[in-house]
Amino acid sequence: MPVPPRGEPVTLYRLEESSPNTVNNSMSSWAQRGLCAKIEFLSKEEMGGGLRRALKVQCTWCEDNVLKPGHLYIIKSFLPEVVNTWQSVYKEDTVLQLCLREIQQQRAAQKLTFAFNQIKPKTIVYSPRFLEVFLLYCHSASQWFAIEECISGEFRKFNNNNGEEIVPTNLLEETMLAFSHWSYEYTRGELLVLDLQGVGESLTDPSVITRGENESYEMIFGPANLGDDAIRNFREKHHCNACCRKLRLPDLKRNEYTPDKVTLPPDDGPGEGSVQSQSSTKEERPPMRLML
């Protein structure tokens, strides 16, 4: 008789896509059925900062191998003071509501990287990607968490959720900062992906800033969204680099600037298949909307 896997029983839920092969143009929806899994807590030492705390775990078994047995993952939970702040808005299932929005936020950023990697010229060799995040319910703790792959290596932060950025010294850093600029341009000023951080091209915990967010408590994404203030700060402090110029991104500091369509140099095609014709004009292209 096989020995049952050790660990805490948990249930996983994931965002599914209506068109898995074209994620940046598909509709996301939460799976109705959860998947059973078991995880083992490796230590009680907490990591992270800001709004959440994190713990390292190992998967010992998972239905459909959505989590890989033997692989390391990070589970994240919101700090009590964050939950208390949002209880007045989400009176029931506050932690669940916060987790859902954080995961949807990372998926929105993930969809934008798919589009970016298809559009960017081949001379931009780095392809940023966001980790996939799952919703997790721990039965013994009766608590909701987010869980994602544990990435090893030098963890770096490229900009923060208020639009302040590092001074880039290499192509990877230039690519990440140009991606933030591109996200604002591509969505016609509706969204701006900030708080870029991770290991190499693998990113996690972004802030997807939405225009007008701080005018209402109807939070689309996570609680770190600083809305128009962050957009204004980014426009003032972002310095266009070589990657911005390769993407033909306009200067954000121009007085007459309004978000416009990304265009590519005619002599340098996209790296992974175009999603927009280079001959498209602003009038032909409607405002981009992420479907979540």
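## Terms and overview

Helices, with at least four residues, and strands, with at least two, are DSSP runs numbered from the N terminus. The model described here is predicted. By that numbering the chain has five helices and 14 strands. The chain holds 292 residues, and 52% of them count as buried.

Among contacts in the chain with a separation of 6 or more, 60% are between residues 24 or more positions apart.

## Glutamate 173 in helix H3

Glutamate 173 is a residue of helix H3. Its relative accessibility is 5%, so glutamate 173 counts as buried, the cut-off being under 20%. The side chain of glutamate 173 reaches the backbone nitrogen of threonine 169 at 2.6 Å.

Leaving aside residues up to four places away in sequence, glutamate 173 touches Arg156, Phe158, Ile166, Val167 and Pro168.

## Glutamate 17 in strand S2

A second buried glutamate is found in strand S2, which covers residues 15-17. Glutamate 17 has 16% relative accessibility and therefore counts as buried.

Two polar contacts of this side chain can be described. One is with the side chain of serine 28, at 2.6 Å. Another is with the side chain of arginine 107, at 2.4 Å.

## Strands S1, S4 and S5

Strand S1 (residues 8-13) runs antiparallel to strand S4 (residues 35-41), and five bridges join S1 to S4. Threonine 11 has cysteine 36 of S4 as its bridge partner.

S4 is also joined by five bridges to strand S5 (residues 52-62), again in an antiparallel arrangement. Here the bridge partner of phenylalanine 41 is valine 57, in S5.

## The open sheet

Four strands make up an open sheet with mixed pairing, and their order is S7-S13-S12-S10. S7 and strand S10 (155-157) are the edge strands, each pairing on one side only.

S7 runs parallel to strand S13 (residues 202-203), and two bridges join S7 to S13. Phenylalanine 130 is bridged to leucine 203, which lies in S13.

## The second largest pocket

The second largest pocket encloses about 240 Å³ of space. Its lining consists of 17 residues, and those nearest the centre are Gln110, Arg129, Phe130, Leu131 and Glu132. Phenylalanine 130 thus appears both in this lining and in the bridge to leucine 203.

Helix H2 (94-119), strand S7 (129-130) and strand S9 (143-149) each supply at least two residues of the lining of this pocket. The most comes from H2, which gives four residues. Sorted by class, the lining of the second largest pocket has eight nonpolar, six charged and three polar residues.

## Helix H4 and its cover

Which residues of helix H4 (residues 227-237) are buried? They are Gly227, Asp228, Ala230, Ile231, Asn233 and Phe234. An α-helix has 3.6 residues a turn, so residues three or four places apart point the same way.

The cover over the buried residues of H4 includes helix H3 (171-186), strand S11 (191-194) and strand S14 (207-210). Helix H3 is also where glutamate 173 lies.

Notes: Residues numbered from 1 in each chain as written. Predicted model: local features only at pLDDT ≥ 70, side-chain atom pairs only at ≥ 80, totals over all residues. Heavy atoms only, no water. Pairing = 2+ DSSP bridges. Buried < 20%, exposed > 50% of the residue type's maximum accessible area, 1.4 Å probe, protein only. Polar contact = N/O pair within 3.5 Å; in protein donor to acceptor, adjacent residues only side chain to side chain. 1 Å grid on protein atoms, 1.4 Å probe; cavity = no way out; pocket = protein on both sides within 12 Å on 5 of 7 lines; lining within 4 Å. Points joined across faces, edges and corners; volume = space filled by probe spheres on them. Nonpolar A, V, L, I, M, F, W, Y, C, P; charged D, E, K, R; others polar. Contact = heavy atoms within 4.5 Å.
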